[in-house]
Amino acid sequence: MQWVKGLGLGLGAAALLALGIILGHFAIPKKGDSPAPSISAPQDLDLELLESVMGQLDASRIREDLRELSREPHLASSPRDEALVQLLLQRWRDPASGLDSAKAFEYKVLLSFPSQEQPNSVDVVGSAGDILYSCHRSEENLTGEQGRPDVVPPYAAYAPSGTPQGLLVYANQGTEEDFKELQAQGIKLEGTIALTRYGGAGRGAKAVNAAKHGVAGVLVYTDPADINDGRSLPSETFPNSWHLPPSGVERGSYYQYFGDPLTPYLPANPSSFRLDLANVSGFPPIPAQPIGFQDAKVLLCNLNGSLAPTAWQGALGCDYRLGPGFWPNGDFPADSQVKVSVHNRLQLRNSSNVLGIIRGAVEPDRYVLYGNHRDSWVHGAVDPSSGTAVLLELSRVLGTLLKKGTWRPRRSIVFASWGAEEFGLIGSTEFTEEFFSKLQERMVAYLNVDISVFANATLRVQGTPPVQSVVFSAAKEIRSPGPGDLSIYDNWIRYFNRSSPVYGLVPSLGSLGAGSDYAPFIHFLGISSMDIAYTYDRSKTSARIYPTYHTAFDTFDYVDKFVDPGFSSHQAVARTAGSVLLRLSDSFFLPLNVSDYSDTLRSFLQAAQQDLGALLEQHSISLGPLVTAVEKFEAAATALGQYISTLQKDSADSLQVRMLNDQLMLLERTFLNPRAFPEERYYSHVLWAPRTGSTATFPGLANACSRARDTSPGSEAWAEVQRQLSIVVVALEGAAATLRPVADL
């Protein structure tokens, strides 16, 4: 590894500090450093300093950083991506506003790109093989930015090469249920090409589901009903509005796991074992290619066959039919077929993470990580550069205070710019694999800001329950953008809220899936995590995401003109995320409220009792142990909360607080069971793993019951139900034990 060689040649003190943070070597103070940290130091959150930081976060600087970050396309491992690595290093090493240290960590990972020599194509062909219609291979050059030579053509990353040809069928969102519906309609799917729309199922899942039913190839498009509130005319779309233009195509990874495909559970270092390509799982089994809705309209509006169900209809201006094949009186002869030609190539490429570190003054061995990915499919102004611009501004303000000598956090802060996220959260996953033990032992929380502004209506936070209180505290102290004098909290509660049995009406936090770099931290490491952004007024749009997502139209001008003119929502996210970061890094008592898990556990328990209780009783499976385990957790969390209150009133001993903080920090780890979900990869959190069952309860229990429901008593499926129930009970009992006094066994 390059950094090992560099260390051998004698890195400077700053680089040694960077490695020290990661590897945990804090014991030896360097010449000229401050004295070794003392755990008895009384340092706590400075509210005046916090207010000062909030005032220094500058919307105009965020705007200019975004302009620079999105100036050129920066696909993972491209020259521009590597140039941004150097930009981050330069910023974080700046003598006036830099951090203690900054370093890039490089991995060799397997990526997928379209062939330049053989472009991917989708054609309607006649019986003699003549081409009757060709879908566009690139997006329309509406602003001069879409025609650049470094704009990657639309493609489905990791889709295999091939040239399938067959009759076209319309399969809605490509879910398993959608293909079963086509079969129920008497449609023979063997050898067909399926046209699907984004949503409902993951990108790769569409191809997997299709292949199960004999489909030879998959096309995917974005329907205006799902992204544009039905608008599809050029005059109604970008550059005349924020809506997706007809030629826009959503790129994306069709790999079903996360991390480097060749090195699961191992960092993609030169010395690591790599799988043979023949043994790699998670790639789409059949060729797939995304297209724009202008081409989807030509195909779909010429389809023959039965009328598609009402729920499958869209906004292309025609009745959607199922196929197979084309209508005899349409634009193509009835025997015409669709040919999908995919020529993607797999390549080993170098991709870097960049880490910028501020060493903690009192507890340098406790890390608060703030991260976002750097790579994009094209210009990536919204995704991900809106988040990186916020990250750079926050690190500038904190770095300036650091260099002036007016502040140093209690705990260490690590800023991270992850590489190759768009291909499957690769950079962050490799990082968690390489430093698994140290991070599990010492990491307090992970704060992710990827797309910082989807739209400018309200805050949106996803996270694990213990982070709710610190986010609420931050949001209550920051003014919301726009007219009026509401706090971000008060504005947020107008758009997303829930009724809590403890707090009454509060803003609702979403749960964390696998949509960004928080995934390996929560699912693999068990780190309390959150994702912060500004988003839409859901009453005014049905869009599943901002319209130009993963297209060549996601540009600086798109953000500047339509998404967040004035950048006040970017500034609001910077303030919210910055306040949360400082509260986590500087507070004497960690502001993680474990009692907030009780709402989730009680909700899961009630769902299991109401929806699964009778079924389980029929198979002599009792929920009694689960009830008891939830009660034990609630009691332990309540007792710990009382103990915290007592310590806060007294002059608490710092070692007592340190032990208490470790209990709060380590709680999330107690919900990990690496053997709970053998069919999944990296998912080991028994509360937040993927749930395929319909009951909103503990995912392992829900999934097992869903699979066992139609099997006979005593089957292996019912044994798995019992196993999953035991896994949850043991996890909850372990969590309760972690919250009890540390001397109690």
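Biologist: What handedness does the β-α-β unit of β6, helix α6 and β7 have?
Modeller: This is a predicted model. Strand β6 covers residues 168-170 and pairs with β7 in the parallel sense over three bridges. Helix α6, residues 176-184, belongs to the unit with both strands. The unit is right-handed.

Biologist: In β7, which residue is the bridge partner of Tyr170?
Modeller: β6 and β7 share three bridges. Tyr170 takes part in this pairing, and its partner in β7 is Leu195.

Biologist: Which helix makes a β-α-β unit with β7 and β8?
Modeller: Five bridges join β7 to β8, residues 217-221, and the two run parallel. Arg197 stands opposite Tyr221 in β8. The unit is right-handed, and its helix, residues 203-212, is α7.

Biologist: Is strand β7 largely enclosed or open, and how many of its residues are buried?
Modeller: Buried means under 20% relative accessible area. On one side, Ile193, Leu195 and Arg197 are buried; on the other, Ala194 and Thr196 are buried. Both faces are thus covered. The strand is largely enclosed by the rest of the structure, because its buried count is five of the five residues.

Biologist: Which annotation covers residues 166-252?
Modeller: The span is 26% helix and 17% strand. Its end C-alpha atoms lie 24 Å apart. The unreviewed UniProt entry gives the annotation as "domain: PA".

Biologist: Which strands stand at the edges of the open sheet β3-β2-β11-β5?
Modeller: Four strands form this sheet, with antiparallel pairing. An edge strand has a single partner strand, so one side of it is left without a neighbour in the sheet. That description fits β3 (131-134) and β5 (165-166).

Biologist: Which helix packs on that sheet?
Modeller: The helix touches β2, β3 and β11. Its direction makes about 140° with that of β3. It spans residues 293-300 and is α9.

Biologist: What is the bridge partner of Val124 in β11?
Modeller: Strand β2, residues 121-125, and strand β11, residues 337-341, run antiparallel. Five bridges join them. The β11 partner of Val124 is Val338.

Biologist: How far does the backbone nitrogen of Leu655 lie from a polar atom of the side chain of Asp653?
Modeller: Asp653 sits in the loop between α19 (624-649) and α20 (654-666). Asp653 is partly exposed, with a relative accessible area of 40%. A polar contact needs N or O atoms within 3.5 Å. Here the distance is 2.9 Å.

Conventions
Residues are numbered from 1 along each chain as its sequence is written. This is a predicted model: local features need pLDDT of at least 70, side-chain atom pairs count only at pLDDT 80 or more; totals for chains, interfaces and linings use all residues. Side-chain values use heavy atoms; hydrogens and water are left out. UniProt positions are given in the numbering used here, feature names are shortened, and annotations may be inferred rather than shown by experiment. Two strands pair if DSSP finds at least two bridges between them. Contact means heavy atoms within 4.5 Å. Axes are lines fitted to C-alpha atoms, for helices over the stretch in contact, and angles run from 0 to 180 degrees between N-to-C directions. Buried means under 20% relative accessible area, exposed over 50%, partly exposed in between (1.4 Å probe, protein chains only). A polar contact is a pair of N or O atoms within 3.5 Å; within protein, one must be able to donate a hydrogen and the other to accept it, and residues adjacent in sequence count only if both atoms are side-chain atoms. A crossover is right-handed if, with the strands pointing away from the viewer, the path from the first strand over the helix to the second runs clockwise.
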